[in-house]
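Thanks for making time this morning. I will go through one structure, starting inside a chain and then moving out to where the chains meet. Please have a look at it first.

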Number of protein chains: 2
Amino acid sequence: MTTKPKATKAQLAEQFRTFIDPDYVITDDETLKPYECDGLAMYREMPMLVVLPETVDQVQRVMRICHENDVPVVARGAGTGLCAGAMPHKEGVVLSLAKFDRIINIDPIGRTARLQPGVRNLAISEEAAQYGLYYGPDPSSQIACTIGGNVAENSGGVHCLKYGLTVHNILSVEMVTADGELINIGSDGLDSCGMDLLALITGSEGLLGVVTEVKVKLLPTPEVAQVIMAGFDSVEKGGDAVGGIISHGIIPGGLEMMDGHAIVAADDFAQAGYPRDAKALLLCEVDGTEEEVHEHIAEAEEVFRKLGATSIRTSQSEEERALLWKGRKSAFPAVGRISPDYYCMDGTIPRRYLAHVLLEMEKMSDEFGLRVANVFHAGDGNLHPLILFDANVPGEFETTEAFGSKILELCVEVGGCITGEHGVGVEKIRQMAVQFNDEELQQFHDVKAAFDPTGMLNPGKGVPTLKFCQEYRSIEHKQHKHEQTDGAHG
Amino acid sequence: MTTKPKATKAQLAEQFRTFIDPDYVITDDETLKPYECDGLAMYREMPMLVVLPETVDQVQRVMRICHENDVPVVARGAGTGLCAGAMPHKEGVVLSLAKFDRIINIDPIGRTARLQPGVRNLAISEEAAQYGLYYGPDPSSQIACTIGGNVAENSGGVHCLKYGLTVHNILSVEMVTADGELINIGSDGLDSCGMDLLALITGSEGLLGVVTEVKVKLLPTPEVAQVIMAGFDSVEKGGDAVGGIISHGIIPGGLEMMDGHAIVAADDFAQAGYPRDAKALLLCEVDGTEEEVHEHIAEAEEVFRKLGATSIRTSQSEEERALLWKGRKSAFPAVGRISPDYYCMDGTIPRRYLAHVLLEMEKMSDEFGLRVANVFHAGDGNLHPLILFDANVPGEFETTEAFGSKILELCVEVGGCITGEHGVGVEKIRQMAVQFNDEELQQFHDVKAAFDPTGMLNPGKGVPTLKFCQEYRSIEHKQHKHEQTDGAHG
């Protein structure tokens, strides 16, 4: 968005206050401050103003006013995102959906829930529990994050290997377009006629419209769940065991991996009884009917044994299951205790390269002089390397960023991609130039323009300009010429 | 596309023949004739010319030439489609993908197959069988239809209730854009970074690009499958039993329904031992492991009994299973024997309205004076009413079309949609005006323009112009004023 806004802050606020409760049109710095960043706090920008509408009609009016005045709009859920996708624009409006927090209805027969976008992820499952149902995708931030934000970033979680990402668990959305029109996308069926825009909207990071309602699918709560904890004395063996489970035909409810650093940190924190000398730990949860779980647990134990597990422990009660998961669930704060700061990366690779990528990361860790701990969704190849650093050491954040970039480029090299479930936002906009060629990026720009011709929605996020990409690639290319000695995974 | 093509037929043919085997640049009427229509033969148009390239580079060159010369392009697979989506444009080129018939590779560990778009649907499963794998979606035309056509129409089949439509079973596509660029869409992972265009391309009916490669997921062949045939003495009971099975938590591999007309016709043809006096027949197939199938078959029988089945028969051998399916699979040709012509409709409704819609169709059948037989994917609410008519009786085809329109509008009325798995094409372009409002259709046009700004790809299909819609709605509205007496499902 290059055009200069046509209205001043005061003029906009005045217009908004004619139809939104004036207390929810925020203009003073002190109240604006909490909106300065999202969960990726190193990227910050103060917005011009923040509005919290509470009806769809109000959202439409906000959009029309911003559209007429060439004012950027950044939609915001709970602000827990990890790619700075909700970072404000300094000349723009933050449109918070916080007041859209109503579960409109739950249909226990059709197994669906109609939700306003500000409903918290966990609140859906809590409300559905009375019918023996739950909502599948469970990002780590599920206590706080909203379904609208989940749609914007196509969020995943531990269960997405078996139950899919957000895109696989929603049926339809209602959306306000850049110019304030209201459209419905998707249907209750497997298919809907017309163009299938639902997947396009899911994960579009606020670049295409503002979602004002979401209809999700609910799943029956599994009868039984058991978790196997398996320790290995090398990351290669741990990585192979992940592939072993899947190629054996078992799709676990969750299949998580932790490396040595993470195991010790998590065990110190949660006292989960993890094998502290293991170099890789797998948590493999199987859910389903009694017989299914019984059979798959036995088979999975057998696979782990054959592939060299040095320890195997299977939960025999709900308490034990909760304990084994407790370490994993507290792994991020646990790592936070062993380092002043950490940077959580997100990338995806084909499962067969797990061991290769983990070993390469160890080498990079030596090169960059920064520790890295790995806690991640191994089953779907979704890595979450945590780079440990100290923001108070001059230059260390920059080194961390460079390390992070290399990790993402390694993901692309082995045929993976630069994000799993956190999105691109501001954080990974450079790596988009590595992942996609100009024709592909141009196609994204054309699609963006089909929804938002003036570029008012979340400008500067998600899709880089071609000019930027060409510059970034030429810098990268020069570096590579010096650095690369082998092209095995080119 | 309103611009007059800049090149003559002879000039275009000459250009194409510089890089495509001249035999496969077809210009004479006799050889063009077979391309005049697809599976919906009442819509016909002779193309200007047909080309059959055999490399991606040739496809790109064809597109560039057509783009420069403002010549419409209609991509074509096997021509088995049922919505006239592959009907030629009289001033355009038909781009046949028939020579792209190679299975590039099958990865039995990753359970994927890389395919050229002209590979036949059934050929995928035949090739994958050696690894104990198969490809899920199985349209009735699977012997002949191609994976490229399946992607274009987002095809389904008997198994899509459990295993999903084409969109749920593909990982990525390679596509040539309107101006001849080559782009890749999708990835091997659950998610891919950048905009998720894969679902948009799937079902886009050749309006957005020409797919030149498809990577699909393969499924492990189930250990066991058994089918229950259940007869009911009313369509209400049959419809309720469909809902009963699903809400009991069983997702059958297939859940098909036939009404009285179809039962008798199919049994006459296949001698499958169907209960000829039943008013509704369900075929419910359960697949999976031995234990799972055993348990679910017993439960499903119990559900059917409780909901008033007048006869229940469960296959005890592979032969018996094949026999019970034989009637269903030959139902269309069987109906062809009891009527000079039939028109196969395709619409989708929420399962709970099955009985209501079937009864309404019976009333319409009396009104229009035409018989209707129903054979359909009941489990996912995907109706296939066959309207029986005689094309030699003057006016009867027009009456059939009007009856068909009413059926589709009834689908929309109860919250369903105007297509299940056959697409919009030319056939249902009017009903798009009933299904979508102007803002939604405008959004489709904008997305179309993002891929094809000049409108050269399959013009006149899929998405109607807004002007057309306004006219159609105003005619419909006038009729409705006279006709409608109750608005219960408005």
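One term before anything else: when I say polar contact, I mean a pair of N or O atoms within 3.5 Å, where, within protein, one must be able to donate a hydrogen and the other to accept it. Please also keep in mind that this is a predicted model.

Let me start with chain A and its parts. The domain assignment splits chain A into domain 1 (9-96), domain 2 (103-220), domain 3 (224-334) and domain 4 (339-483). I will stay with domain 1 and domain 2 of chain A, whose C-alpha centres lie 23 Å apart. Where they touch, domain 1 of chain A contributes 13 residues and domain 2 of chain A contributes 16 residues.

How many residue pairs are in polar contact across the interface of these two domains? The rule finds two, with both residues at pLDDT 80 or more. Salt bridges across that same interface of domain 1 and domain 2 of chain A number zero. The area buried between domain 1 and domain 2 of chain A is about 1100 Å², and carbon and sulfur atoms give 70% of that. On the domain 1 side, helix α3 (residues 56-68) of chain A brings the largest share, six residues. Sorted by class, that side has seven nonpolar, five polar and one charged residues.

There is also a record to mention. An unreviewed UniProt entry annotates residues 43-221 of chain A as "domain: FAD-binding PCMH-type". In the model, that span is 20% helix and 25% strand, and its end C-alpha atoms lie 39 Å apart.

Now the two chains together. Chain A and chain B each put 48 residues into their contact. Between them, about 4100 Å² is buried, with 64% of it from carbon and sulfur atoms. Which residues of chain A lose the most area to chain B? They are Leu190(A), Cys193(A) and Met195(A), together 19% of what that side buries.

As for specific pairs, four residue pairs are in polar contact across the interface of chain A and chain B, both residues at pLDDT 80 or more. The elements of chain A that each supply at least two residues to this side include α6 (160-163), β9 (182-186) and α10 (290-306). The largest share, nine residues, comes from α16(A). By class, the chain A side holds 24 nonpolar, 13 polar and eleven charged residues.

Last, salt bridges. Between chain A and chain B the count is zero, whereas the structure holds 41 over all chains. One of them joins the side chains of Glu213(B) and Arg114(B), at 2.7 Å from N to O. This pair links distant parts of chain B, 99 residues apart: Glu213(B) sits in strand β10 (residues 210-217) and Arg114(B) in strand β6 (residues 112-115).

Notes
Residues are numbered from 1 along each chain as its sequence is written. Chains are lettered from A and ligands numbered from 1 in the order in which they are written. Side-chain values use heavy atoms; hydrogens and water are left out. Contact means heavy atoms within 4.5 Å. Buried area is the accessible area (1.4 Å probe) that two parts lose on being put together, summed over both. A salt bridge is a side-chain nitrogen of Lys or Arg within 4 Å of a carboxyl oxygen of Asp or Glu. A polar contact is a pair of N or O atoms within 3.5 Å; within protein, one must be able to donate a hydrogen and the other to accept it, and residues adjacent in sequence count only if both atoms are side-chain atoms. Helices (H or I, at least four residues) and strands (E, at least two) are DSSP runs, numbered from the N terminus. Ala, Val, Leu, Ile, Met, Phe, Trp, Tyr, Cys and Pro count as nonpolar, Asp, Glu, Lys and Arg as charged, and the others, Gly among them, as polar. UniProt positions are given in the numbering used here, feature names are shortened, and annotations may be inferred rather than shown by experiment. Domain bounds come from an automatic or database domain assignment.
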